[in-house]
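Student: Pick one spot in this model and take me through it closely, please. After that, keep going and tell me how the rest fits together.

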Amino acid sequence: MTTMSSKTTGYKLTKADFQQINRRNLVGFQAGWNYERMQHSGYLWIILPQLRKIYGDNTEALKTACRTQCSPFFNTSNFLNTIITGIDLAIEETDGLDGMETVASLKTGLMGPLASIGDSIFGSLLPTIFGALAANMAMQGNPLGIFIWIAVNIVVDWFRCKQTYIAYDQGMKLVTTMSDKLNAITDAATVMGVFMVGALVSTNVGIVITAPIDLGGVTVDLQHIFNVICPKLIPAALVGFVYWLLGKKGMTSTKAIFIVLIIGIVLGGLGWVAKG
C-alpha cells in the first residue's frame, strides 16, 4: 500500500534486484558521463528499475525521485560507487521521498572521499603493481602474467558487486536501529562534502595574476598582496564566481564553463593572468 508521506509501494529489494544493479553498474555506470553533471545519469540508470518498483512505474513520486537523483553534481570512483547506491536504496526503500534530502547529503559527502580512495587503490595502485608484474613476465616469455592480470580484475569486479549488498545491509541498520544518529551522519557528510570542495579548489585551481600595476613609479605585485591577505584567494574567488553564475536563472554548468574559459583566454592573452 502506498503511504501518503513517502509515496512508496512498500516493495522490498531482492537478490535479483541487486544482481541487476551490479550488472548495470559494471557495463553502464560511466556510459552517461558528461561535463555538466558527470555521472548522475549513469547513477540513475543503474537503479532506475528498482526505483520503479519502490515508487511505482510512471508515478509522480517516481518522477520526483528521478529528478532529485539527477539534480546534484555527482562524480566518484566507479570502483566504490555502489557503496553509495546500497545506502541510497535502503533509505529510499524505507523512507521514500522523505529520505531524499538525506540521500542527497550522503551522495555529496561520500563521493569525494570514495573517489580518492577508490581511484588511488583500484585505479592506480593495483594496475601499477600487477600490470608491471604481468608485463615483466610477458617480456620473459611467461604467459602466466596475463592470467594473473585477469584474475586481479575478476576479484576487483567481484568486490564491486559484493559491496552493494554490504552497503544496503548497513543502510537498513542506519534507517532503523540507528535512526537517531542519522541526522548527525547527514550533517557530517555535508560538512565533509564542503571540506572536499575547498580542498579541491586549493589543490587543483591555480590562477596567478602576472600583470604588474604601476602606481607613481612604484610597481605593485597584486599576486603578492593577495597571498598575504589569504593564500589561494584568487582561485577561491573564481569558484565563488562560478557558484554565483550557477545560481542565475537559465544558467547551466556547460555555459558557466564556457564563460570562465573565454574570460581565461582573454585575460591570458592580455598577459594579466596565468595558470600557477
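Tutor: Let's start with glycine 206, which sits in the loop between α7 (182-204) and β1 (207-209). Helices and strands here are DSSP runs numbered from the N terminus (H or I over at least four residues for a helix, E over at least two for a strand). Keep in mind that this is a predicted model: local features need pLDDT of at least 70 and side-chain atom pairs count only at pLDDT 80 or more, while totals for chains, interfaces and linings use all residues. Residues are numbered from 1 along each chain as its sequence is written, and side-chain values use heavy atoms, with hydrogens and water left out.

Glycine 206 is buried, because its relative accessible area is 13%; the cut-offs are under 20% for buried, over 50% for exposed and partly exposed in between, with a 1.4 Å probe and protein chains only. Its C-alpha lies 6.3 Å from that of proline 235, although the two are 29 residues apart in sequence.

Lysine 7 gives you a similar pairing, out in the segment before α1 (15-28). Its C-alpha is 6.4 Å from that of tyrosine 55, across 48 residues of sequence. Lysine 7 is partly exposed, since its relative accessible area is 32%.

Tyrosine 55 takes us to helix α2 (residues 40-55), which packs on helix α3 (residues 60-70) at an angle of about 160 degrees, with the axes 10 Å apart. So α2 is roughly antiparallel to α3. The axes are lines fitted to C-alpha atoms, for helices over the stretch in contact, and angles run from 0 to 180 degrees between N-to-C directions. Under 35 degrees counts as roughly parallel, over 145 as roughly antiparallel, 65 to 115 as roughly perpendicular, and the rest as oblique. The α2 and α3 crossing is right-handed, meaning the near helix is turned clockwise from the far one by less than a right angle (anticlockwise would be left-handed). On the α2 side, the contact (heavy atoms within 4.5 Å) includes Tyr43, Ile47, Leu51 and Tyr55, and on the α3 side Leu62, Ala65, Cys66 and Gln69. By class, the residues of this contact come to eleven nonpolar, two polar and one charged. Ala, Val, Leu, Ile, Met, Phe, Trp, Tyr, Cys and Pro count as nonpolar, Asp, Glu, Lys and Arg as charged, and the others, Gly among them, as polar.

The loop joining α2 and α3 holds asparagine 58. Its phi is near 60 degrees, a positive value in a residue other than glycine. For background, most residues other than glycine have a negative phi. Asparagine 58 counts as exposed, as its relative accessibility is 62%.

Now follow α3 on to helix α5 (residues 100-139): the axes come within 10 Å and cross at roughly 20 degrees. That makes α3 roughly parallel to α5. This crossing is right-handed as well. Ala65, Thr68 and Gln69 of α3 meet Met100, Val103 and Lys107 of α5, a set of three nonpolar, two polar and one charged residues. Ala65 and Gln69 are also part of the α2 contact.

α5 has another partner in helix α4 (residues 81-95), at an angle of about 170 degrees and with axes 10 Å apart. These two are therefore roughly antiparallel. Among the residues that meet are Ile83, Ile87 and Ile91 in α4 and Met100, Val103, Leu106 and Lys107 in α5. That contact has ten nonpolar, one polar and three charged residues.

Ile87 also touches tyrosine 168, whose other contacts beyond four places in sequence are Leu13, Phe18, Gly86, Ala90 and Glu93. Tyrosine 168 lies in helix α6 and is buried, because its relative accessible area is 10%. Between tyrosine 168 and leucine 13 there are 9.7 Å, C-alpha to C-alpha, and 155 residues of sequence. Glutamine 163, found in α6 (residues 144-175) too, touches Phe79, Leu80, Asn81, Thr82 and Ile83, leaving out residues up to four places away. Glutamine 163 is buried, since its relative accessible area is 5%.

Zooming out, the chain has ten helices and four strands, and 36% of its 276 residues count as buried. Of the contacts with a separation of 6 or more, 71% are between residues 24 or more positions apart.
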